Amino acid sequence: MTVESTAARTSRRSAGSKAGATGTKRAAGTAAKKAAAKQGAAAEPELVQLLTPEGERVENAEYDAYVAGITPEELRGLYRDMVLTRRFDAEATALQRQGELGLWASLLGQEAAQIGSGRATREDDYVFPTYREHGVAWCRGVDPTNLLGMFRGVNHGGWDPNSNNFHLYTIVIGSQTLHATGYAMGITKDGADSAVIAYFGDGASSQGDVAESFTFSAVYNAPVVFFCQNNQWAISEPTEKQTRVPLYQRAQGFGFPGVRVDGNDVLACLAVTKWALERARNGEGPTLVEAFTYRMGAHTTSDDPSRYRGDEERVAWEAKDPILRLRRLLENEHHTDEGFFAELEVESEALGKRVREAVRAMPDPDRLAIFENVYADGHALVDEERAQFAAYQASFADAEGV
Ligand SMILES: Cc1ncc(C[n+]2csc(CCOP(=O)(O)OP(=O)(O)O)c2C)c(N)n1
Ligand SMILES: [Mg+2]
């Protein structure tokens, strides 16, 4: 497998194949791209898409096998995951506005990339997220309320990474790709057949850490999937400021495959990630998956995107909404009734209420807790600093419970 766009080869192949019985249509766009190329216009590279924004399935010889047996119940499950994740995210944004959280990084618009890839992982796989992977956390079984402690400033993480094989959020962008690569190299040494997936953004792709991870994982054939959510922005910097080539093509220089997938298509993200994880398990080494998506909201609640981007692109991406397109598929193929959507609404409301109550009930931490767990067995210098800080706190006239 080379880094030639898998979709390009697939669309060549599927151009001669027959449309399926469930309204499947052929991968389109090749002719238009050729025409654009003739006119000298820069054609956008192909991406793997299995579900159009209109909710129609697209045939794909390479990746169909990875979602071929998907049942209506599983499709409803993916829809439920995305709706509840979006609801949780909206609730967290509101809690920040109410002063209950210090900050929130919204995943709005990236639900398909996260749920599709998250649901592709196996229980024994290990996930290294950045700070926006609330949907992946959901798939891994991390209780969403646990994600909020760090953003409320009451802990440094809030979950045990080893309980769900879901590492703590990482703010130093790109650094988790190194941790993931090291972990994957360890898996190989253990002789296990688990895989690792590292999430990072288009901005993080410029970090030296990411380049080093690519080199190491390629040379050591590490079982790791690099899942880049290209949401078009790194705070106020557009992707053009990170790269002169489509990001997935970077993999070529390191000697492993790269694929661009429609990041708003949950089925394509599921299929491509399953394929990449399978390669890792089979000893075929790393893969770069570029999920082409869009950050619908602000970078974080501290950001005001109207200062650096117009409304037009958000409006264009709204038409590609990941949840809407799966809803259209479910409706087109009569996999749901009104009861399903009504029950999901009730479930969303209940989740919102649970999240609000959990956040408000989070106790302030003991002020000296920050000195705990620095070293496994304690350290004289930390003991000294703890004593100094305790004395400082006690020096205030209204000191209590230090
Ligand atoms: C090493 C490092 N440099 C700078 C920052 C400040 N910073 C935080 S988020 C961010 C942009 C990240 O963009 P991207 O990787 O595209 O991820 P996104 O936020 O879009 O999900 C930057 C520069 C940081 N956290 N870490
Ligand atoms: Mg980004």
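## A guided tour, beginning at glutamine 232

Select glutamine 232, which lies in the loop between β3 and β4 (233-234). The model in the viewer is predicted. The phi angle of glutamine 232 is near 80 degrees, a positive value in a residue other than glycine. Most residues other than glycine have a negative phi. Glutamine 232 counts as partly exposed because 19 other C-beta atoms lie within 10 Å, whereas a buried residue requires 20 or more.

**Confidence along the chain**

Colour the chain by pLDDT before proceeding. The mean for the chain is 90, and 88% of the residues reach 70 or more. Next, select residues 1-41, over which pLDDT stays under 50. For this segment the model has 58 contacts beyond four places in sequence. Where pLDDT is low, the predicted coordinates should not be read in detail.

**Strands β3 and β2**

Return to the loop of glutamine 232 and step back into strand β3, residues 224-230. Of its 7 residues, 7 are buried. Display the side chains to see the two faces: Val224, Phe226, Cys228 and Asn230 point one way, and Val225, Phe227 and Gln229 point the other way. Now add strand β2, residues 196-201, which runs parallel to β3 and is joined to β3 by 6 bridges. Within this pairing, glycine 201 stands opposite glutamine 229 of β3.

**Ligand 1**

Keep glycine 201 selected and display ligand 1. Glycine 201 is among the closest residues to the ligand, together with Ile173, Gly203, Ala204 and Ala234. In total, 14 residues surround ligand 1. By class, this shell comprises 7 nonpolar, 4 polar and 3 charged residues.

**Strands β6 and β7**

Select strand β6, residues 258-262, in which 5 of 5 residues are buried. Gly258, Arg260 and Asp262 occupy one side, while Val259 and Val261 occupy the other. Add strand β7, residues 287-292, which runs parallel to β6 and is connected to β6 through 5 bridges. The bridge partner of valine 261 in β7 is alanine 291.

Centre the view on valine 261. Leaving aside neighbours within four places in sequence, valine 261 is in contact with Leu47, Val48, Ala268, Cys269, Val272, Val289, Ala291 and Phe292.

**The largest nonpolar core**

Valine 261 also leads into the largest nonpolar core, which holds 84 residues. The members that touch the most other members are Val196, Ala198, Val225, Val261, Ala271, Val272 and Val289. Display helix α11, residues 266-281, which supplies the largest share of this core with 11 residues.

**Two further loop residues**

Select threonine 121, found in the loop between α4 (111-120) and β1 (126-128). Is threonine 121 buried or exposed? Threonine 121 counts as buried because 23 C-beta neighbours lie inside 10 Å. Residues up to four places away in sequence not counted, threonine 121 touches Val127, Ile197 and Leu277. A distance label between the C-alpha atoms of threonine 121 and cysteine 139 should read 8.7 Å, although these residues are 18 residues apart along the chain.

Finally, select asparagine 165, in the loop between α7 (161-164) and α8 (175-190). The phi angle of asparagine 165 is near 50 degrees, a positive value in a residue other than glycine. With 19 C-beta neighbours inside 10 Å, asparagine 165 counts as partly exposed.

Terms used
Residues numbered from 1 in each chain as written. Chains lettered and ligands numbered in written order. Core = buried A, V, L, I, M, F, W, Y, C linked by C-beta atoms within 7 Å. Buried ≥ 20, exposed ≤ 12 C-beta atoms within 10 Å, placed from the backbone. Helix = DSSP H or I, 4+ residues; strand = E, 2+ residues; numbered from the N terminus. Contact = placed C-beta atoms within 7 Å. Near = placed C-beta within 6 Å. Nonpolar A, V, L, I, M, F, W, Y, C, P; charged D, E, K, R; others polar. pLDDT = per-residue confidence, 0-100. Pairing = 2+ DSSP bridges.
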